[in-house]
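Trainee: Got a minute? I'd like to go through this structure with you, starting with disulfides and then pockets.

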Amino acid sequence: MQAAPAPEADVAALLQRLGLDLLGEEIARDVVTSTPPFSIRDEAARECAAGPMEDLILGHMRDIFTDTLGPDGAEHLVAWDAFLQTPAGARIGDLVTANMRAGAVLALPDDMTAGDAAEVEIFMRSDAFRAFVRGFDQGMNFSPKRVQAAVDGFERKCGITVPVEMLS
């Protein structure tokens, strides 16, 4: 396979499969309930603002993981997809999603076989795994395009004016 970056839609699919989109949605809800000018609004306005905020946060997450997957991102996503198609990979994918829903780190299943555990360990040593996991430590500014789209969405959909600088 020729080196190619990961397509954003494929990164989004992996984030969703692992339940990381739930984390982004939770972050967006936390921001609109705790940060002016959203927190001073009524519940309906905050619910409205959650939409553009989710778009911003989830888009930012896609940017981060696309970046950390690097120039071989498409190949790394193929490896992730192959792993998640295995019985052990599917269970790990489900566990990560359950962790995101629970907001806690749950233990590995007790009935995981030694073979499954070895398969998981091998994958965790792969370039695909390491490239993806680096995204959790990545600090990156919101892209100006995504910030402007969020600002426009707050104004157009919710009637809330948000200075671009607040999100930059």
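Mentor: Sure, start with the term: a disulfide is a pair of cysteine sulfur atoms within 2.5 Å. Keep in mind that this is a predicted model, where local features need pLDDT of at least 70 and side-chain atom pairs count only at pLDDT 80 or more, while totals for chains, interfaces and linings use all residues. Residues are numbered from 1 along each chain as its sequence is written, and side-chain values use heavy atoms, with hydrogens and water left out.

Trainee: Okay, so how many disulfides does that rule give?

Mentor: The count comes to one disulfide. Cys48 is joined to Cys158, with 2.1 Å from S to S. The link of Cys48 and Cys158 is left-handed, at -90° about the S-S bond.

Trainee: What does the Cys48 and Cys158 pair tie together?

Mentor: Parts that are 110 residues apart in sequence, because Cys48 sits in helix H3 (residues 43-69) and Cys158 in helix H8 (residues 144-158). Helices here are DSSP runs (H or I, at least four residues), numbered from the N terminus.

Trainee: And is Cys158 buried or exposed?

Mentor: Cys158 counts as buried, at 18% relative accessibility. Cys48 has 25%, so Cys48 counts as partly exposed. The cut-offs are under 20% relative accessible area for buried, over 50% for exposed and in between for partly exposed (1.4 Å probe, protein chains only).

Trainee: Switching to pockets. What's the volume of the largest pocket?

Mentor: About 340 Å³. A pocket is an open set of points on a 1 Å grid over the protein atoms alone where a 1.4 Å probe fits, with protein on both sides within 12 Å along at least five of seven lines; lining residues have an atom within 4 Å of a point. The volume is the space filled by probe spheres set on the points.

Trainee: Which residues lie nearest the centre of the largest pocket?

Mentor: Trp80, Ile92, Val96, Phe129 and Val133, out of 16 lining residues. Helices H4 (73-85), H5 (87-102), H6 (114-124) and H7 (127-133) each give two or more residues to that lining. H5 has the largest share, four residues.

Trainee: How do the lining residues of the largest pocket divide by class?

Mentor: There are 16 nonpolar, no polar and no charged ones. Ala, Val, Leu, Ile, Met, Phe, Trp, Tyr, Cys and Pro count as nonpolar, Asp, Glu, Lys and Arg as charged, and the others, Gly among them, as polar.

Trainee: And the second largest pocket: which element gives the largest share of its lining?

Mentor: H4, with seven residues. The second largest pocket holds about 200 Å³ of space, and its lining has eight nonpolar, one polar and three charged residues.
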